[in-house]
Amino acid sequence: MLVHPDKQSLGASVAARFITKIIDVIEEQDSASVVLSGGSVSTLVLAAINESGARDSVDWSKVSFWWSDERWVEADSPDRNDRQNGIDLLDHIGVLPENVHRFAAVGELGSVEEAAAAYSAELLANAQGDDESPRFDITLLGVGPDGHVASLFPDKPQVSLTEPTVLTIKDSPKPPPERLSLSLPVINNSQRVWMILAGAEKAASLGLALAGAGADQVPVAGVKGRKRTVFFVDKDAAAEVPEQLIASTY
């Protein structure tokens with residue numbers, strides 16, 4: 001776990017690491033796939049990537065973007081994760097339209113279940129080998145104060161489901177109530193999962209996750225990348241983490 005002194009240095013550090021790693025991945029395999037999420041830390045990091053002087057050193061035409069979850073609302077709703085991610089980064093870089101794999105919105109398909117099935121089919125069409133989804137290169141996840149990741153909330157049945165690959169949520173504790181989310185096995189099909197937390201309100205859930213709490217209680221505890229899982233946090237979010245687990249950056 002890497003701890004930063006404040007939110008601003010956290011965003012800048014993750015942005016710099018992201019750019020460096022994406023360049024490395026593209027050099028190695030000629031393409032890269034990234035999973036984005038919503039929330040304030042996503043805005044923090046994506047805006048820092050956009051503002052970085054190294055932003056255009058990435059060949060964005062070789063990067064594909066997916067989403068960990070989405071709100072089942074109209075495409076132009078400010079609640080949409082993909083809309084905010086576009087404002088923060090995607091609208092400013094040379095990503096190809098066919099490489100932007102967004103969830104369907106209200107009005108584009110008839111129901112949230114149809115949207116889930118369509119995204120499952122898109123994941124499968126881009127999967128490697130016998131997998132049901134791509135092996136994403138980097139997944140960027142925020143973590144809620146209750147320990148939720150994507151739209152997988154504590155004590156909800158979706159946390160423990162291994163199929164289908166895309167889940168529907170009808171009663172989200174946070175509005176809007178209807179959502180779509182990748183399942184934990186699909187999230188964990190990522191080569192690298194980077195979880196980003198800022199603020200004292202995240203300290204309790206982070207402490208529980210690192211102390212061995214179960215995924216049903218704290219969904220973030222069930223996240224594990226195929227190669228690496230890293231927590232990037234600010235000082236406030238690390239307040240309840242044992243000292244021996246911290247690799248400080250200041």
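Visitor: How many positive and negative side chains does the chain have, and how far apart do the centres of the two sets lie?

Guide: In this predicted model, the chain carries 21 positive and 36 negative side chains. The centres of these two sets lie 4 Å apart.

Visitor: What makes the chain as compact as a globular protein of its length?

Guide: The secondary structure consists of six helices and ten strands. The radius of gyration is 17 Å, and the globule rule gives 18 Å for 250 residues; the two values are close, so the chain is as compact as a globular protein of that length. Along its principal axes, the C-alpha trace spans about 50 × 45 × 35 Å.

Visitor: What percentage of the residues counts as buried, and what area does the chain expose?

Guide: Of the 250 residues, 54% count as buried. The chain exposes about 10700 Å², of which carbon and sulfur atoms supply 49%. As to contacts between residues at least 6 apart in sequence, 76% join residues at least 24 apart.

Visitor: Why is W66 called buried?

Guide: The term requires a relative accessible area under 20%. W66 has 2%, and therefore it is buried. The residue is found in strand 3, residues 63–67.

Visitor: Which residues are in contact with W66, neighbours within four places in sequence being left aside?

Guide: Contact means heavy atoms within 4.5 Å. The residues in contact with W66 include S33, V34, V35 and L36, and also H101, Y119, E122, L123, N126, P134 and F136. As for D146, 80 residues from W66 along the chain, the C-alpha atoms of the two are separated by 24 Å.

Visitor: What makes strand 9 mostly covered?

Guide: Strand 9 comprises residues 228–234, and five of its seven residues are buried. That count supports the description of the strand as mostly covered.

Visitor: How do you know that strand 9 pairs with strand 1, and in which sense?

Guide: Two strands pair if at least two bridges are found between them. Strand 1 (residues 2–4) and strand 9 have three bridges, so they meet this criterion, and the sense is parallel. In this pairing V3 stands opposite V233.

Visitor: How many bridges join strand 8 to strand 9?

Guide: Six bridges join strand 8 (residues 192–197) to strand 9, and the two run parallel. I196 stands opposite F232 of strand 9.

Visitor: Why is D30 called partly exposed, whereas D155 is called exposed?

Guide: Exposed means over 50% relative accessible area, buried means under 20%, and partly exposed lies in between. D30 has 46% and therefore counts as partly exposed. D155 has 66%, so it is exposed.

Visitor: What value of phi does each of these two residues have, and where is each found?

Guide: Phi of D30 is near 70°, a positive value in a residue other than glycine. D30 is found in the loop between helix 1 (7–29) and strand 2 (32–36). D155 has a positive phi of about 60°, although it is not a glycine. Its place is in the loop between strand 5 and strand 6.

Visitor: Which residues does a cis peptide bond join, and where do P164 and P176 lie?

Guide: One cis peptide bond joins E163 and P164, with omega about -5°. P164 lies in the loop between strand 5 (138–142) and strand 6 (166–169). A cis peptide bond also joins P175 and P176, where omega is about -5°. P176 lies in the loop between strand 6 and strand 7 (179–182).

How values were computed. Residues are numbered from 1 along each chain as its sequence is written. Side-chain values use heavy atoms; hydrogens and water are left out. Helices (H or I, at least four residues) and strands (E, at least two) are DSSP runs, numbered from the N terminus. The radius of gyration is taken over C-alpha atoms; the globule rule is 2.2 Å times the number of residues to the power 0.38. Buried means under 20% relative accessible area, exposed over 50%, partly exposed in between (1.4 Å probe, protein chains only). Accessible areas come from the Shrake-Rupley method with a 1.4 Å probe; for residues, only the protein chains shown count as cover. Lys and Arg count as positive and Asp and Glu as negative; His and the chain ends are not counted. The place of a charge is taken as NZ of Lys, CZ of Arg, CG of Asp or CD of Glu.
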